[in-house]
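Work through the exercises below with the sequence and the structure side by side. Try each task before reading its solution.

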Amino acid sequence: MSRIVYVNGSYVPETEAKVSVFDRAFLFGDAVYEVTAVLDGRLVDFEPHLARLDRSLAEIALTPPLSHDALRALHWELIARNEVNEGIVYLEITRGVADRDFAYPDNAAPTVVAFTQSRPLIDNPYAETGVKVITIPDIRWKRRDIKSTSMLGQAMGKQAAKLKGAYEGWMVENGVVTEGTSSTAFILDADGVVRTQPLGHHILPGITRRAVLSLAMSEGVRVEERPFTVAEAFSAREAFMSAASAFVLPIVEIDGHKIGDGRPGPVARTFRRLYIEEAMKG
């Protein structure tokens with residue numbers, strides 16, 4: 001059965017879901033998006049996702065076309081129609097359709113598209129084996145805090161990782177790790193401190209990142225939002241990543257260097273377990 005996709009107020013089979021070639025998302029990447037995990041048919045961390053969406057829209061001067069209640073109803077309807085028990089909902093809002101011109105159009109109606117993907121999130125084999133990461137130059141634009149669809153740099157980095165047999169690429173700028181191509185980067189340093197980049201224009205404010213930092217504090221693990229170098233990552237006790245569709249995944253190798261004993265570390269495994277437990281509570 002074909003998936004049902006939301007396009008500008010209508011729920012249609014995916015084969016009938018169409019957007020104009022003049023949509024500014026297609027021409028300029030002039031759009032923002034969110035990806036929300038679904039566990040047991042329920043949305044995970046949806047309120048923080050809505051808050052980040054509001055922020056992204058405000059940063060590009062795009063008035064929200066739908067209320068939070070409407071967006072919530074849209075997500076629930078897609079989950080129900082597609083019978084999604086575990087997976088994700090992808091939502092994209094663009095500036096809309098207008099003849100090609102770099103300047104924002106005056107009266108374009110925003111385009112709203114959403115779809116689901118059913119996939120196993122809890123029984124992820126990488127949670128048991130850990131993943132490999134490579135480091136790559138951070139070639140992106142300077143407003144990475146906006147969850148924009150302009151992601152060519154990330155796509156190039158992900159492909160570079162794939163070609164080297166790695167799961168993820170950690171992007172490096174001015175000698176320090178910024179974040180993964182689609183994840184937040186963490187280490188547990190030699191002193192037992194969880195470290196990750198502080199928020200700013202240089203990284204995306206990850207929703208799962210936020211939850212992981214909260215879990216760390218509740219577990220009595222010291223946290224420092226402080227950059228770390230690649231060399232510090234090599235010598236870390238543990239390394240791990242977080243993302244909405246991956247939760248927390250241990251990292252066992254970076255650029256061919258074994259991290260710790262080369263197996264998923266206890267802190268990363270604990271954070272993953274606790275995050276899933278909290279998410280399943282609804």
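## Exercise 1: A nonpolar patch

F26 counts as exposed, because its relative accessibility is 61% and the cut-off for exposed is over 50%. Note that the model is a predicted one.

Task. Find the helix that holds F26, and name the residues that form a nonpolar patch on the surface with F26.

Solution.
- Step 1. Locate F26 in the chain: F26 is found in helix α1, which covers residues 24-28.
- Step 2. List the members of the patch: V21, F22, F26 and V97.
- Step 3. State the area: together these four residues have about 410 Å² of accessible area.

## Exercise 2: An open sheet

Task. Give the order of the six strands in the open sheet, and state which strands stand at the edges.

Solution.
- Step 1. Write down the order, which is β2-β1-β6-β5-β3-β4, with antiparallel pairing.
- Step 2. Look at the two ends: β2 (10-13) and β4 (42-43) each have a single partner strand, so one side of each is left without a neighbour in the sheet.
- Step 3. Take the pair at one end. Strand β1 (residues 4-7) is joined to β2 by four bridges, and the two run antiparallel.
- Step 4. Pick out one bridge in this pair: Y6 has Y11 in β2 as its bridge partner.
- Step 5. Examine the turn. The hairpin of β1 and β2 has two residues between the strands, and N8 takes a positive phi near 50° there.

## Exercise 3: Two paired strands and a ring cluster

Task. How many bridges pair strand β5 with strand β6, and which residue in β6 is the bridge partner of Y90?

Solution.
- Step 1. Strand β5 spans residues 87-94 and strand β6 spans residues 111-118. They pair in the antiparallel sense over eight bridges.
- Step 2. The bridge partner of Y90 in β6 is F115.
- Step 3. Now consider the rings. Y90 and F115 also belong to a cluster with Y33, linked by ring pairs.

## Exercise 4: A stacked aromatic pair

Task. Describe how the rings of F186 and F240 are arranged, and decide whether each residue is buried or exposed.

Solution.
- Step 1. A pair of aromatic rings is described by the distance of the centres and the angle of the planes.
- Step 2. The structure holds nine aromatic pairs. One of them is F186 with F240, at 4.9 Å centre to centre and 10° between the planes.
- Step 3. Planes under 30 degrees apart count as stacked, and the pair of F186 and F240 is stacked.
- Step 4. Place the rings in the chain. F186 lies in strand β10 (residues 184-188) and F240 in strand β13 (residues 238-243), so the pair ties together parts that are 54 residues apart in sequence.
- Step 5. Check the accessibility. F186 is buried because its relative accessibility is 0%; F240 is buried because its relative accessibility is also 0%.

## Exercise 5: Charges over rings

Task. Which ring does the charged end of R95 sit over, and which ring does K158 lie over?

Solution.
- Step 1. The charged end of R95 sits over the ring of Y104, at 3.4 Å from the ring centre.
- Step 2. K158 lies over the face of Y167, and its distance from the ring centre is 5.9 Å.

## Exercise 6: Salt bridges

Task. Sort the salt-bridge residues D30, R24, K281 and E278 into buried, partly exposed or exposed.

Solution.
- Step 1. The count of salt bridges comes to 26.
- Step 2. D30 forms a salt bridge with R24, and their closest N and O atoms are 2.7 Å apart. D30 counts as buried because its relative accessibility is 9%, and R24 counts as buried because its value is 3%.
- Step 3. K281 forms a salt bridge with E278, with 3.0 Å between the closest N and O atoms. K281 is exposed because its relative accessible area is 60%, while E278, at 45% relative accessibility, counts as partly exposed.
- Step 4. Salt bridges that share partners also join D138, R140, K142, R144, E173 and E179 into one network.

How values were computed:
Residues are numbered from 1 along each chain as its sequence is written. This is a predicted model: local features need pLDDT of at least 70, side-chain atom pairs count only at pLDDT 80 or more; totals for chains, interfaces and linings use all residues. Side-chain values use heavy atoms; hydrogens and water are left out. Rings of Phe, Tyr and Trp (its six-membered ring) pair if their centres lie within 6.5 Å; planes under 30 degrees apart count as stacked, over 60 as edge-to-face and the rest as tilted. Buried means under 20% relative accessible area, exposed over 50%, partly exposed in between (1.4 Å probe, protein chains only). A charge sits over a ring if NZ of Lys or CZ of Arg is within 6 Å of the ring centre and within 35 degrees of the ring normal. Patches are made of residues with over 30% relative accessible area and no salt bridge: like charges are joined within 9 Å, nonpolar side chains (Val, Leu, Ile, Met, Phe, Trp, Tyr) within 5 Å. Accessible areas come from the Shrake-Rupley method with a 1.4 Å probe; for residues, only the protein chains shown count as cover. A salt bridge is a side-chain nitrogen of Lys or Arg within 4 Å of a carboxyl oxygen of Asp or Glu. Two strands pair if DSSP finds at least two bridges between them.
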